[in-house]
Amino acid sequence: MAAGLVAGLSHPLFRLSEHHASGSAQAVNLAPGTPVRPTSILVVGATGTLGRQIVRRALDEGYDVRCLVRPRPAPADFLRDWGATVVNADLSKPESIPATLVGIHTIIDCATGRPEEPIKTVDWEGKVALIQCAKAMGIQKYVFYSIHNCDKHPEVPLMEIKYCTEKFLKDSGLNHIVIRLCGFMQGLIGQYAVPILEEKSVWGTDAPTRIAYMDTQDIARLTLIALRNENINGKLLTFAGPRAWTTQEVIALCERLAGQDANVTTVPVSILRLTRQLTRFFEWTNDVADRLAFSEVLTSDTVFSAPMTETYSLLGVDSKDIVTLEKYLQDYFTNILKKLKDLKAQSKQTDIYF
């Protein structure tokens, strides 16, 4: 697939992006213009789970934050309310990209495609166009988020695309940082915590996969520390949480904190593998098959974690300041159960009629 991705760079889509980007670069080079402030950041994918934490942290630390957001029915007003500038553009439309980069020093790329989109549209074609424009317009630094162990799983389209993008970014000559991630703690709320509280089914597997989940607020904080450290330019970092957890361990932790048992439906790994093979027979399910390929990796005997001692030392961070999954979920359940208790008390009061 890698050869196919590289061959795709001759597509008119990329020639178009090169035309627009090179034209902008020529305009910039005609005169020195106004110097770009190092605090000027463009966050791509700012409405996502990680992107919004990057935006909030950067604003809190005094950065001028611009957010690239696709045109949408519900505007991203919360980003403006926080103090960010919002610009509309679409990575799948390269001609919309150059204008968003004017006056920008650093790009922080948190974007990924929507579930209903072909994986290549944003995660490969869009990223290549963005990197080309960034290079042509003289962007000073590019931060790219990838997936841990993406180089070891070429059979998974999204992971191979991430690895190919890492290589494309490196070959571009841009000053860059690549950060590989293992998993977000925030994703566990909708997957396990909420269904348990609502007494709905929780889906799990019988696989021993372990994932070192990390709070996206910690990821944002470490990212901005890395951004200011010139010794990290060109490096590949992996951010992992303090401990790697299996699905069964996460569910057990949620049960304990919620004070109730989960209704667990276990899906054997063999069923996932069979489903992936079946979906390959139908052209319209190719994307489903790609996503099941990712699920198959997550349900294998794999550990998505990495030693963080050297990274903490490099960033000047104390490991004690990194939120553990126990603390994160404990805070969540404490707050939610308190709110439920308060709502129950209020409902009892309204049941009294005079």
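This briefing covers salt bridges and two residues with unusual backbone angles. The model is predicted, and it holds 15 salt bridges. Three of these pairs are described one by one below, followed by a network and then by asparagine 149 and glutamate 199.

**Salt bridge between glutamate 61 and arginine 57**

- Glutamate 61 pairs with arginine 57 in a salt bridge whose closest N and O atoms are 2.8 Å apart.
- Both partners fall into the intermediate class of accessibility, since glutamate 61 is partly exposed at 29% relative accessibility and arginine 57 is likewise partly exposed at 32%.

**Salt bridge between arginine 70 and aspartate 90**

- The side chains of arginine 70 and aspartate 90 form a salt bridge with an N to O distance of 3.9 Å.
- Arginine 70 belongs to the loop between β2 (64-69) and α4 (77-82), whereas aspartate 90 belongs to the loop between β3 (85-88) and β4 (106-109), so the pair ties together parts that lie 20 residues apart in sequence.
- Arginine 70 is buried, with a relative accessible area of 17%, and aspartate 90 is buried as well, with a relative accessible area of 12%.

**Salt bridge between glutamate 230 and lysine 141**

- Glutamate 230 and lysine 141 form a salt bridge in which the closest N and O atoms are 3.7 Å apart.
- This pair links distant parts of the chain, with glutamate 230 in the loop between α8 (216-228) and β9 (236-239) and lysine 141 in strand β5 (residues 141-147), the two being 89 residues apart.
- The partners belong to opposite accessibility classes, because glutamate 230 is exposed at 53% relative accessibility, while lysine 141 is buried with a relative accessible area of 3%.

**A network of shared partners**

- Arg210, Arg243, Glu249 and Glu326 are joined into one network by salt bridges that share partners.

**Positive phi outside glycine**

- Most residues other than glycine have a negative phi, and this is the background for the two cases that follow.
- Asparagine 149, although not a glycine, has a positive phi of about 65 degrees; this asparagine lies in the loop between β5 and α6 (157-172) and is buried, with a relative accessible area of 10%.
- Glutamate 199 is a residue other than glycine whose phi is also positive, with a value near 60 degrees; this glutamate sits in the loop between α7 (187-197) and β7 (201-205).
- In contrast to the buried asparagine 149, glutamate 199 is exposed, with a relative accessible area of 67%.

Key:
Residues are numbered from 1 along each chain as its sequence is written. This is a predicted model: local features need pLDDT of at least 70, side-chain atom pairs count only at pLDDT 80 or more; totals for chains, interfaces and linings use all residues. Side-chain values use heavy atoms; hydrogens and water are left out. A salt bridge is a side-chain nitrogen of Lys or Arg within 4 Å of a carboxyl oxygen of Asp or Glu. Buried means under 20% relative accessible area, exposed over 50%, partly exposed in between (1.4 Å probe, protein chains only). Helices (H or I, at least four residues) and strands (E, at least two) are DSSP runs, numbered from the N terminus.
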